[in-house]
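Dear colleague,

Please find below the structure that I am handing over to you. A summary of what was found in it follows.

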Amino acid sequence: MWFSKPTKEALKELNVDPSQGLSSGEALTRLEKYGPNKLKGKPKKSLITLFFSQLKDMLIYVLLGAAVITIFIKEYADAIIILLVVILNAVIGVIQEAKAEKAVEALQKMTTPKSLVRRDGEVKEINSEEVVPGDIIVLDAGRFIPADIRLTESANLQIEESALTGESVPSNKDSAVLLEDPKTPIGDKVNMAFMSTLVTYGRGEGVVVATAMDTEIGKIAKILDEDNDELTPLQRRLDELGKTLGYLAIGICALIFVIALIQKRDLFEMFLTAISLAVAAIPEGLAAIVAIVLALGVTRMSKINAIVKKLPAVETLGSVNIICSDKTGTLTQNKMTVVKTFTLNNLRDIPAGSDVLAPSPDEKELVRSFVLCSDATYENGAGTGDPTEVALIIMGDRFDLTKNALNAAHKRVGEKPFDSDRKLMSTLNEENGTYRVHTKGAIDNLLKISSTALIDGKVVPLTEEIKKSFLKATEEMSDSALRVLGAAYKDSDTVIDAEEMEKDLTIIGIVGMIDPPRLEVKDSIAEAKAAGITPIMITGDHKNTAVAIAKELGIADSIEQSLTGAEIDEMTDEVFSEKIKDYRVFARVSPEHKVKIVRAFKAHGNIVSMTGDGVNDAPSLKYADIGVAMGITGTDVAKGASDMILTDDNFTTIVNAIEEGRNIYNNIKKSVIFLLSCNLGEVISILFSILFFWPVPLAATQLLWINLITDSLPAIALGVDPGDKDVMKRKPRDPKQSFFAEGSGARAVIGGFLIGILTLTAFYFGMYEHGYNIFTNLTKEVTKPEYQTALTYARTMAFVVLAASQLFYSLSMRNHEKSIFKIGLFKNKLLIASIIIGLLLQELVISIPFLAEAFGVHNISLKDWGIVLLFSLVPLTVNELIKFFVRLTRKTADNN
């Protein structure tokens, strides 16, 4: 805890003389002991390792087994198709994973290339990797900090630490301050400087107390480097589904052999049938279809300013019920803005916008002093310099008192720079042949050096009553979490020295400024809350400022709903986890606190989204279910650790992305239930035929064609179904919820049963038309050519009914409550096109001779086409009738 040690004690402990620095020999010895000052990361996985890791899935194992068997029985086309599906799925996974973890690499790039150190009594510029504990570092404006440093000297030193603390305003540093509290937050360690932060003002010196992975940045790198490969809700569902289907396929194959033994059937024939059933039980295209739907979802997300890095993250968004958001830049505009001015007897709110305002005489003097006593610039919408001064110059523009015009009319001839002890800055400017001192700074310090006040254009003596008026206005602004600055002036006939400037001033007034909320965020937070999502603010800023913004946006109602990092440290993990639901604002927190907050929310079963832009946000971005980084202000580290990047840095985009995520999950669920209904229909048709000793109605090649081509087209079309407008009126989905919840399982069973029975019925009709009744024993007929012709014809009818019934059934899968007419029969044009293409493909397969021969089918008559289309419409009709009665029952219950 170097921040609690006096500089002499710190230097003694590190065994270094600040006037001489380390000797070259000692520096080399320490470099060997501590190692180079650079961040380390785990070795990368090779592409081959990544590829094989994608194959660790039960569905993949079964498919690979089916591929081996199909090669063994010389069904090479089937084997190639199955293997292509497996390879496609693995390649998509590799591409996503290879893109994912770039965070530590980005951190490594942040280490500064050169540093000023004192060695052998001389100041030298060295590579920052050669910096060691005990080195004396020389700091000046514009230079990055190469390591964690205990400051030994400071003169008006300001360091921009937003990457670590989230604060938009640079921190004032003071080497003389001693901090006794061991739990002092990073943002309050005013006698320390941290690796990769930037000196914006003043100068200083310090002794290096930590390098490389021992620095605050290094601690973040360690967290980012930890394995945290939790599965998303969708991945868990698909993993469970894969295992279930895999075991089901194996179980069905075992059942087939038991039936074959009981019925004394030909074992090799049953072996082929078992393969057909295994193929029927597994939706081969499922993995690829889900990947395609997610990829299309990613494209749609990019159009609403959300870039998704990991495909499963699209779906996870749909079940998010906690949004932890950084304040600065996400909920706020990330620019200090003057919102109030106060001159005696005149408090004014500055409205948002760019309209030119008319100042009162006193306001004009106030604004003029602030603008002339500033070093920042603001032109063409871009500012340089201290954010507070930029805000003052923008205020000047609003009152038509621009910096360029004022500087041209009132040339600066002297100044007294800002000092952290005085908390004041003064300039001396020409004023119509005379000179005027303009001073800005802390109001209590200004009141001490002022003797008069400006009221309605007149200078009057500064009384205790006037002082109380200023202090009361200051207190009210501070209570509203505004940063308060005062301005005063003094006229002089001659140029005066800096020491004479800040005496006997005339106090003009004060301004209150804040980083204001984004205008559109309040509505988005209201929408999120209506959708059952709880917004949480996590920031490195001060508690009062954070709560004020949170109350304005509707995130929190009172200061009791806020907690600081120091207060978190006082709680045990168990107590903190138990009380986490009572808080909406977490202020003055460190990176470790952010991770702790995310973990506490997740411990209650919440799906947590975390947004941020700084290095300090990176660990929590990684540990959240969905890490969301800012695309404009975000550091490379934050982007590397995130799952999604907002190109407009806007909280509203997160809410829009959650809506999109919910619709994408619903679409994936539609596709999965549709595919499972289809596969169940295939299983029922084959299993029933075996149980009743009928001929097998479908061959393995026919099932593969339907699973990979006919089913896949409507499944993909369902995956891009237009979103449900009511999706944000419902609470977030329970992440533990099965695909089969809310009646989906029953619909899958009913649909699958109907498809299977109708397929068998079509098969029966085909055989019956050729003089064979499958309810009688046809064993003796198998060798007859006419029987084989009848079998081919009947299988063709079953093949077409199976495909067509699945195609039509997909229309009913678009919504589990509303009818196909209510949601718009032709609204999903891609689905209509996939049904038409699917039917055309079926016609081509049975009518083109070489395809018909390959699939073991035959062209059917026009009358039989009418029969199969009639059969095919039954599952759709029944499902629509079920939905009608469900709606009717619900309406009756609501009326009662």
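**Findings**

V91 counts as partly exposed because its relative accessibility is 36%. Please note that this is a predicted model. V91 is found in helix α5, and this residue is one of the members of a nonpolar patch on the surface. The other members of that patch are I71, Y76, I80, L83, L84 and I87, and the accessible area of the patch as a whole is about 620 Å². Helix α5, which spans residues 76-100, gives the most to the patch, with 6 residues.

A contrasting element is helix α29, formed by residues 712-719, which is mostly covered. Of its 8 residues, 6 are buried, namely S712, P714, A715, A717, L718 and G719.

**Salt bridges**

The structure holds 35 salt bridges. Three pairs and one network are described here.

In the pair formed by E216 and K219, the closest N and O atoms are 3.3 Å apart. Both residues lie in helix α8 (residues 216-225), where they are 3 residues apart, about one turn of the helix. In general, an α-helix has 3.6 residues a turn, so residues three or four places apart point the same way. The two partners differ in their cover: E216 counts as buried, at 10% relative accessibility, whereas K219 is partly exposed, with a relative accessible area of 35%.

The second pair joins the side chains of K440 and E389, with an N to O distance of 2.8 Å. K440 belongs to strand β16 (residues 434-441) and E389 to helix α15 (residues 387-398), so this salt bridge ties together parts that are 51 residues apart in sequence. K440 is buried, with a relative accessible area of 8%, and E389 also counts as buried, at 9% relative accessibility.

The third pair consists of E520 and R518, whose side chains meet in a salt bridge of 3.7 Å, N to O. Here E520 counts as partly exposed because its relative accessibility is 31%, while R518 is buried, with a relative accessible area of 17%.

Beyond these pairs, a network of salt bridges links E365, R368, E431, R436 and D491.

**R118 and its surroundings**

R118 is found in strand β1, which covers residues 114-119. With a relative accessibility of 13%, R118 counts as buried, since the cut-off for that class is under 20%. The side chain of R118 makes a polar contact with the side chain of E205, at 2.7 Å. Leaving aside residues up to four places away in sequence, R118 touches P18, S19, Q20, G21, L22, V123, I136, V138 and E205.

**Backbone points to inspect**

Which residues have a positive phi although they are not glycines? One is A212, with a phi of about 50°. A212 is found in the loop between β7 (198-210) and α8, and this residue counts as buried, at 6% relative accessibility. Another is N305, with a phi of about 70°. N305 is found in the loop between α11 (286-302) and β8 (306-308), and N305 is partly exposed, with a relative accessible area of 31%.

With kind regards

Key. Residues numbered from 1 in each chain as written. Predicted model: local features only at pLDDT ≥ 70, side-chain atom pairs only at ≥ 80, totals over all residues. Heavy atoms only, no water. Helix = DSSP H or I, 4+ residues; strand = E, 2+ residues; numbered from the N terminus. Buried < 20%, exposed > 50% of the residue type's maximum accessible area, 1.4 Å probe, protein only. Polar contact = N/O pair within 3.5 Å; in protein donor to acceptor, adjacent residues only side chain to side chain. Contact = heavy atoms within 4.5 Å. Patch = residues over 30% accessible without salt bridge, like charges linked within 9 Å, V, L, I, M, F, W, Y side chains within 5 Å. Areas by Shrake-Rupley, 256 points an atom, 1.4 Å probe, with all protein chains shown as cover. Salt bridge = Lys/Arg side-chain N within 4 Å of Asp/Glu carboxyl O.
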